[in-house]
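I opened the model today and went through it piece by piece. My notes follow, in the order I looked things up.

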Amino acid sequence: MTLPRMQPGDGVAWITGASSGIGEAVALELARRGWTVAITARRLEELEAVARRSEGLPGRIVAHAGDVTDADSMQAVVSGVEGVHGPIALAFLNAGVAPYTRAGALDIAAFEKAFAVNLLGAAKGLAALLPGMSARGRGQIAVNASTAGYGGLPRAAAYGASKAAAIHMCEALKFDCDRLGIRLQVVNPGFIETPLTAKNDFPMPFLMKMDEAARRVADGMERGGFEITFPRRLSWLIKAVNLLPYPAYFWLVAKVTGWDKRKD
Ligand SMILES: NC(=O)c1ccc[n+]([C@@H]2O[C@H](COP(=O)([O-])OP(=O)(O)OC[C@H]3O[C@@H](n4cnc5c(N)ncnc54)[C@H](OP(=O)(O)O)[C@@H]3O)[C@@H](O)[C@H]2O)c1
């Protein structure tokens, strides 16, 4: 079956985690490309500020606050958006958090938070979207995971594991989604300059600006392949490193991340 790639005429777009960062930038990029974009996050004031930035663009942005960790909230947002603006044709399940944790004092709350938002938050978004899209026999959903989900990185036990699980979830669901006429995609960005990475105190090779990342996401949605990943040099490098035998993998990752020189 050839899956359609959604166009603005097919319905509206919905983005979670759009009060800042990549979600905000993708919302503005889709509005530039003519979409009506419903945006969701917990902070309504920030969402409304993003919506105001769409004035004068070919499309528009509308704010619908919600918490991705709450399944009822996700159902209510999807029903609210579809009731007012029509069917959601394209969704970007992007909300995420990146708590670090170290082995010396393993922080269970970091695992709970990362999995609640990054994995279960995306699953709750999917659960709210899939019945309507299945009934219509068409739709397109992209889940934002991360190249950090490809393999273990220092301090990223909680974040990386939740992103690996998100990639796995999308791979597994794609088989069913294909049959339902729903194009499911996974987005695996490298390092993007956002509030989330502002706290990072380690080298971030090929760091990309948010607006460029947003263009790559929107282009990837228009192209339609399963994985949207950028910068490609970094993602192919990480994919290659993950094929190495473990001793070489750990040595190289420690070098590239500066872990071998850290004293903390
Ligand atoms: N920046 C990078 O280098 C990078 C690389 C790979 C993947 N990613 C992924 O990209 C996504 C966006 O990250 P970002 O870098 O743009 O960070 P960001 O600016 O911190 O954005 C995170 C967004 O998620 C929302 N969010 C967090 N918890 C939420 C919840 N419980 N319910 C609803 N929304 C929630 C935040 O809004 P509220 O606080 O208002 O709820 C915010 O809008 C994340 O999934 C992240 O893992 C980022």
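I started at Phe206, which counts as partly exposed because it has 13 C-beta neighbours inside 10 Å. For the record, buried takes 20 or more other C-beta atoms within 10 Å of a residue's own, exposed takes 12 or fewer, and partly exposed is in between, with C-beta atoms placed from the backbone. Phe206 is not a glycine, yet I read a positive phi of about 55° there. It sits in the loop between H6 and helix H7 (210-223); helices (H or I, at least four residues) and strands (E, at least two) are DSSP runs numbered from the N terminus.

A note on the source: this is a predicted model, where local features need pLDDT of at least 70 and side-chain atom pairs count only at pLDDT 80 or more, while totals for chains, interfaces and linings use all residues. Residues are numbered from 1 along each chain as its sequence is written.

I then checked Arg155, another residue other than glycine with a positive phi, near 70°. I found Arg155 in the loop between E5 and helix H5 (157-180), partly exposed with 18 other C-beta atoms within 10 Å.

Next came H1. How many of the 12 residues of H1 are buried? I get 11, so H1 is largely enclosed by the rest of the structure. Among the buried ones are Gly21, Glu24, Val26 and Ala27. I also checked the length: the 12 residues should span 16 Å (1.5 Å times one less than the number of residues), and the end C-alpha atoms of H1 are 17 Å apart, which agrees. Just after H1, Gly34 has a positive phi of about 95°.

Then I looked at the core. The largest nonpolar core (buried Ala, Val, Leu, Ile, Met, Phe, Trp, Tyr and Cys joined through C-beta atoms within 7 Å) has 72 residues, and Val26, Ala27, Val37, Ile39 and Val143 have the most contacts inside it. H4 gives the most to this core, with 10 residues.

On to the strands. E5 (residues 139-144) and E6 run parallel, joined by six bridges; pairing needs at least two DSSP bridges. Ala142 stands opposite Gln185 in E6. All eight residues of E6 (182-189) are buried.

Last, the ligand. I noted 31 residues around it (C-beta, placed from the backbone, within 6 Å), and Gly17, Gly21, Arg42, Gly96 and Leu196 come nearest. H1, H4 (108-136) and H6 (195-198) each supply at least two residues of that shell.
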